[in-house]
Structures are given as C-alpha cells and as structure tokens.
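Visitor: I am new to this structure and would like a close look at a single part of it. Could you take me through the salt bridges, step by step?

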Amino acid sequence: MSSLAAEFAGQDNEREIEITQKGLRLVFISFSKIRQFAGHPFRLYTGERLSDMVESIRQNGILMPLIIRRILDGDVYDYEMLSGHNRMNAGQIAGLDGAWCLIKEGLSDTEALMYVVETNMLQRSFSDLLPSEKAAVLALRYSEMFSQGKRNDILLELKALEGGGETCGSDFHKSKNRDTLGGDYDLTGRQVANYLRVNQLLDCLRLKLDAKLLTLASAVSLSYLSRENQLAVFAGMNRYPRKMSDAQAAGLRKLAETESLTEQGVVDFLRNPKPSGPKAVSIGRSLYYTYFKPGTPQKEVERIIGEALALYFGQVGEESA
C-alpha cells in the first residue's frame with residue numbers, strides 16, 4: 001500500500017477535510033453530491049467482480065481517490081464522476097458515505113471524456129471490453145479532439161495518485177489512420193470503421209449489441225438509421241426479443257429508405273420479413289434440349305425461355321381476369 005493510500009484508509013468518516021500530497025489537493029466528498037458521468041460508456045462491475053471490490057472496501061476502505069469535476073449547472077449534484085464509478089458504487093454498497101476526491105476545474109466535455117476513457121483503459125484490457133465500450137474507445141482515439149498531450153498529463157496525475165508507482169495499461173499512439181489505429185488493438189481498418197459506425201447507435205441499441213441480441217454487422221446496418229427509426233427498432237425488439245439476423249437488420253435499413261419505421265412495423269417485419277424473391281432454379285437439360293438445335297448459344301436459350309415464361313404468365317393472367 002502506498003503512503004498516500006495508507007492515509008486514506010481510516011478517514012472515510014471525516015467530512016469537509018482537505019489534504020495535500022505530492023502537490024495534489026484532495027477533498028473528502030459525500031457520494032450524494034456526485035453524479036455518474038453523463039453517457040458513461042463503460043458498464044459497472046457486476047457479480048463476483050463487484051462482490052470482491054465491496055469486500056475489499058469493507059476491509060480497507062477506498063484506497064485510490066476518485067477523480068471528479070465540478071459542475072455548475074447541477075440542481076442536485078455538485079460534481080460529476082470521471083474516474084471511480086465502480087469504487088463509488090461498491091463503496092455505497094459497503095456502507096460508506098463518501099471518499100477522497102481529486103477535483104478538476106474547467107474541463108471541457110471532451111477532456112472529461114478523456115479522463116473517463118483513459119482511466120478505464122489503465123485498468124482493463126481492450127479485448128475484454130464489451131462491443132459498445134470498444135466503439136467508445138476507438139471513437140475517442142479517432143476524434144479530432146483527441147490530445148496525446150492531455151493523455152500524458154492524465155497519466156502523470158494518476159501516477160502521483162498511486163504514490164509514484166508505474167501506471168499500467170494499453171499502449172496508445174496518436175494516429176488518424178484506421179489501419180494503424182486498428183494495429184494497436186489487433187483489428188483491421190475495416191473493423192475499426194465498423195466500431196466507429198456502431199458508436200453512432202443510440203445507447204439503447206448499443207445495449208442490445210452488448211447483450212448479443214445484435215451482431216456487429218447488424219449494429220452497423222442500424223447505425224445508418226435516423227434517431228426516430230432507431231427508437232422504433234428498439235421498441236420493436238423489446239416486443240419481439242429475439243436475436244436479429246444480419247439480413248433482418250439490412251432489410252430494416254433498406255425499408256427505412258422509403259418509409260418511416262414504426263414499432264408495429266418493425267415487429268411485423270421481424271416476424272415475417274418481406275420475401276427477397278424466389279430462389280434460383282436450375283432447369284435440367286432434359287426439360288428443354290428437344291426444343292433447341294445442337295449448338296444453340298446459351299444466351300439464345302435463355303432469351304427464348306424468358307419469352308416463353310412471359311407468354312405463359314400473360315395467358316394465365318388473362319384467364320383469371
């Protein structure tokens with residue numbers, strides 16, 4: 001345990017206390033004053049991982065301070081979480097009222113998101129992330145707003161919070177090229193492009209992707225829909241809770257090009273997709289060879305068969321009229 005972490009333990013019941021260590025000003029803040037990060041792209045721990053964290057906090061307290069930013073427009077909350085969503089959640093379950101926090105002032109929304117993403121990536125492997133989480137990480141890295149200099153500042157700050165130890169995590173290199181960016185995560189440029197498209201999905205549909213009710217290909221197809229059409233798809237999937245096939249997602253995208261989707265329309269489509277046309281039929285040579293001279297070109301055979309079918313169906317239509 002670092003010297004800084006040791007000082008945190010045993011002070012969880014203090015209020016309105018500030019300490020300064022290694023040049024960092026830390027304040028004990030009540031959880032009731034901190035809200036979750038708006039649009040937080042990472043899922044909170046559940047199951048055994050959450051239980052282990054709760055038990056650790058019960059025994060040792062929250063050893064690593066949270067990173068929060070002050071918000072000026074909050075009617076209920078004074079701060080927004082940047083790093084420590086799981087620690088706060090587990091701390092509340094363990095019965096704590098608050099934790100030591102590093103308060104950031106004047107961050108833009110993009111800089112705040114960088115804190116959220118980078119601190120999570122120091123604790124998790126990219127390969128272990130859910131599809132929507134991978135999309136969020138890659139979208140930030142590909143964004144024009146991404147700053148390698150700001151990321152380095154974040155890492156230095158985290159190093160100080162950990163008591164000077166080495167930080168761990170994935171290696172990031174600034175790049176706007178999808179192929180190079182994909183190489184950092186063992187992805188092809190096409191896969192990176194797909195994840196960037198997935199990040200255009202509404203949160204509710206990204207949850208469907210994480211729950212494996214959508215494939216990545218299906219999610220890409222649905223990402224091209226308008227917000228209203230995506231909401232209709234989400235509502236329809238809730239009424240027809242089965243995994244959507246790639247063909248169904250592509251069909252909904254095509255349908256949305258000509259009409260607005262509705263909840264009922266999506267349900268009807270998922271239950272009975274519109275037919276894509278008859279399957280290809282192979283005509284045996286024995287059915288037609290007696291009608292053609294030897295050596296007749298294939299195109300000529302197909303032309304005559306086409307005319308014969310047109311004549312047949314035209315006659316059938318007249319007889320049934």
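Guide: Happy to! One definition first: a residue is called buried when its relative accessible area is under 20%, exposed when that area is over 50%, and partly exposed in between. Please also keep in mind that this is a predicted model.

Let us start at Arg69, which sits in strand 4 (residues 66-70). Its relative accessible area is 10%, and because buried means under 20%, Arg69 counts as buried. The side chain of Arg69 meets that of Asp109 in a salt bridge, with 3.0 Å from N to O. Asp109 belongs to helix 4 (residues 109-121), so this pair ties together parts of the chain that are 40 residues apart in sequence. The two partners have contrasting surroundings: Asp109 has a relative accessibility of 56% and is exposed, whereas Arg69 is buried. The pair also belongs to a wider group, since a network of salt bridges links Arg35, Arg69, Glu80 and Asp109.

While we are at helix 4, have a look at Met114, which is found there too. With a relative accessibility of 1%, Met114 is buried. Its C-alpha atom is separated by 9.3 Å from that of Val137, a residue 23 positions away along the chain.

Now let us move to helix 9, which covers residues 203-210. Here Asp210 and Arg43 join their side chains in a salt bridge, at 2.9 Å from N to O. This pair links distant parts of the chain: Arg43 lies in the loop between strand 3 (34-35) and helix 2 (47-60), 167 residues apart from Asp210. Asp210 is buried, at 13% relative accessibility, while Arg43 has a relative accessible area of 26% and is partly exposed.

Helix 9 holds another salt bridge, between Arg206 and Asp203, whose closest N and O atoms are 2.1 Å apart. Both of these residues lie within the helix, three residues apart, or about one turn. Arg206 is buried, with a relative accessible area of 14%, and Asp203 is partly exposed at 46%.

To place these pairs in the whole picture, the count for the structure comes to seven salt bridges. Among them are the link from Arg69 to Asp109, the link from Asp210 to Arg43, and the link from Arg206 to Asp203 inside helix 9.

How values were computed. Residues are numbered from 1 along each chain as its sequence is written. This is a predicted model: local features need pLDDT of at least 70, side-chain atom pairs count only at pLDDT 80 or more; totals for chains, interfaces and linings use all residues. Side-chain values use heavy atoms; hydrogens and water are left out. A salt bridge is a side-chain nitrogen of Lys or Arg within 4 Å of a carboxyl oxygen of Asp or Glu. Helices (H or I, at least four residues) and strands (E, at least two) are DSSP runs, numbered from the N terminus. Buried means under 20% relative accessible area, exposed over 50%, partly exposed in between (1.4 Å probe, protein chains only).
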